[in-house]
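Welcome! Take a moment to look over the sequence and the model, and then we can walk through some of the main features together.

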Amino acid sequence: MAKRPVFIPLGKADRFVDERLLDFKWNPGFALVQKKKNIVALHEAAKSQGLAPLLEVSTKSEERLGQRLSAFSLKIDTDIGEIPLESAFQGSKVFEHGGPYVDLYRVDSRTAKRDPRIRESGKLVGFCYFDQKWPLVPKTAFYDWLYLTVLRPHQEYLERLFEFKGFTDIEFNPQKSINCQARTCALLVSLLKTKLLDVAMKSERDFIDMVASDSLNQSHSIELRQSQLSVTQRGDGHD
């Protein structure tokens, strides 16, 4: 058995996302067919609780929309041209003993995520993205902001997400990671429903103020120790 979350957009100004942790039978193995079996098992467990339909947000998704929304598929416009979202996240990390490693902006997502400096530079202390500094708390704020920066221009297209009760990412393990593209999709839907997306994206401070209360009420803030951040906050760039 395994436990994985379903992220549910609440569409409330004071609470954007509900994280529902569900038990389901885990199919071990790294083959794509095994991962897809796990997606089906998780979605069936959710359906038994009235959570359907769901969208898997990853390259393993059966839905083209879910594949396109994978952080490994998205690119962000910058002053140096388009760069992979995951590379932007990894290259912006600031550690006790190094960073930001902005050379990672120019490499592909998997290369950026696997760069040894990400694991060998000590404790994560913050982010610096083109001279814009971001704190570690709220814990998912910088990742969410990057992701929403990419998607914001496509609001009409993204209203297709309203069709889903929630979002999953089968690679995301809340015991090991913090950031999750499925959770960010749920946040996006809530911000669109409450018409607060444009307000939130005005500035770093506006965004932090908007999501702080919701973030501090989520399990990643309540259960995960701050000391784990240097090991677990990877991107988390599940593909």
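What follows is a short tour of this predicted model, from its core to its sheet, a hairpin, a pocket and a few backbone details.

**The core**

Let us begin on the inside. The largest nonpolar core is made up of 56 residues, and Leu 69, Tyr 147, Leu 161, Phe 167 and Phe 207 have the most contacts inside it. Several elements give two or more residues to this core, among them β2 (15-24), α3 (85-91), α8 (181-193) and α10 (204-216). Which element gives the largest share of this core? That is α6, with nine residues.

**A sheet of three strands**

Next comes an open sheet, in which three strands follow the order β6-β7-β8 and pair in the antiparallel sense. Its edges are β6 (93-95) and β8 (132-134); each has a single partner strand, so one side of each has no neighbour in the sheet. From one strand to the next, the twist averages 35°. If sheets are new to you, it may help to know that their strands pair through backbone hydrogen bonds, either parallel or antiparallel. Looking at one pair in detail, β6 meets β7 (residues 124-129) over three bridges, and Val 94 sits opposite Gly 126 of β7.

**A hairpin**

Another antiparallel pair is formed by β4 and β5 (residues 81-84), which are joined by four bridges. A hairpin of two residues connects β4 to β5. Within this pair, Lys 75 has Pro 84 in β5 as its bridge partner.

**The second largest pocket**

Lys 75 also takes us to a pocket. The second largest pocket holds about 330 Å³ of space. It is lined by 16 residues, and the closest to its centre are Leu 74, Lys 75, Val 150, Leu 151 and His 154. Which elements give two or more residues to this lining? They are α2 (64-68), β4 (75-78), α6 (141-151) and α7 (155-158). By class, the lining contains nine nonpolar, three polar and four charged residues. Notice that α6 appears in this lining and also gives nine residues to the core.

**Backbone details in the loops**

Two cis peptide bonds are worth finding in the model. One joins Ala 52 to Pro 53, with omega about 0°, and Pro 53 belongs to the loop between α1 (32-47) and β3 (54-56). The other runs from Gly 99 to Pro 100, with omega near 0°, and Pro 100 lies in the loop between β6 and α4.

That loop between β6 and α4 (109-114) also holds Arg 106. Is Arg 106 buried or exposed? Its relative accessibility is 64%, so it counts as exposed, given that exposed means over 50%. The C-alpha atoms of Arg 106 and Pro 53 are 37 Å apart, and the two residues are separated by 53 residues along the chain.

Finally, here are two residues that have a positive phi although neither is a glycine.

| Residue | Phi | Loop | Relative accessible area |
|---|---|---|---|
| Phe 130 | about 50° | between β7 and β8 | 33%, partly exposed |
| Lys 195 | about 60° | between α8 and α9 | 72%, exposed |

With a relative accessible area of 33%, Phe 130 is partly exposed, whereas Lys 195 is exposed at 72%.

How values were computed. Residues are numbered from 1 along each chain as its sequence is written. This is a predicted model: local features need pLDDT of at least 70, side-chain atom pairs count only at pLDDT 80 or more; totals for chains, interfaces and linings use all residues. Side-chain values use heavy atoms; hydrogens and water are left out. On a 1 Å grid over the protein atoms alone, a cavity is a set of points where a 1.4 Å probe fits but cannot get out, and a pocket is an open set with protein on both sides within 12 Å along at least five of seven lines; lining residues have an atom within 4 Å of a point. Grid points are joined across faces, edges and corners, and a volume is the space filled by probe spheres set on the points. Ala, Val, Leu, Ile, Met, Phe, Trp, Tyr, Cys and Pro count as nonpolar, Asp, Glu, Lys and Arg as charged, and the others, Gly among them, as polar. Two strands pair if DSSP finds at least two bridges between them. Axes are lines fitted to C-alpha atoms, for helices over the stretch in contact, and angles run from 0 to 180 degrees between N-to-C directions. A nonpolar core is a set of buried Ala, Val, Leu, Ile, Met, Phe, Trp, Tyr and Cys residues joined through side-chain atoms within 4.5 Å. Buried means under 20% relative accessible area, exposed over 50%, partly exposed in between (1.4 Å probe, protein chains only).
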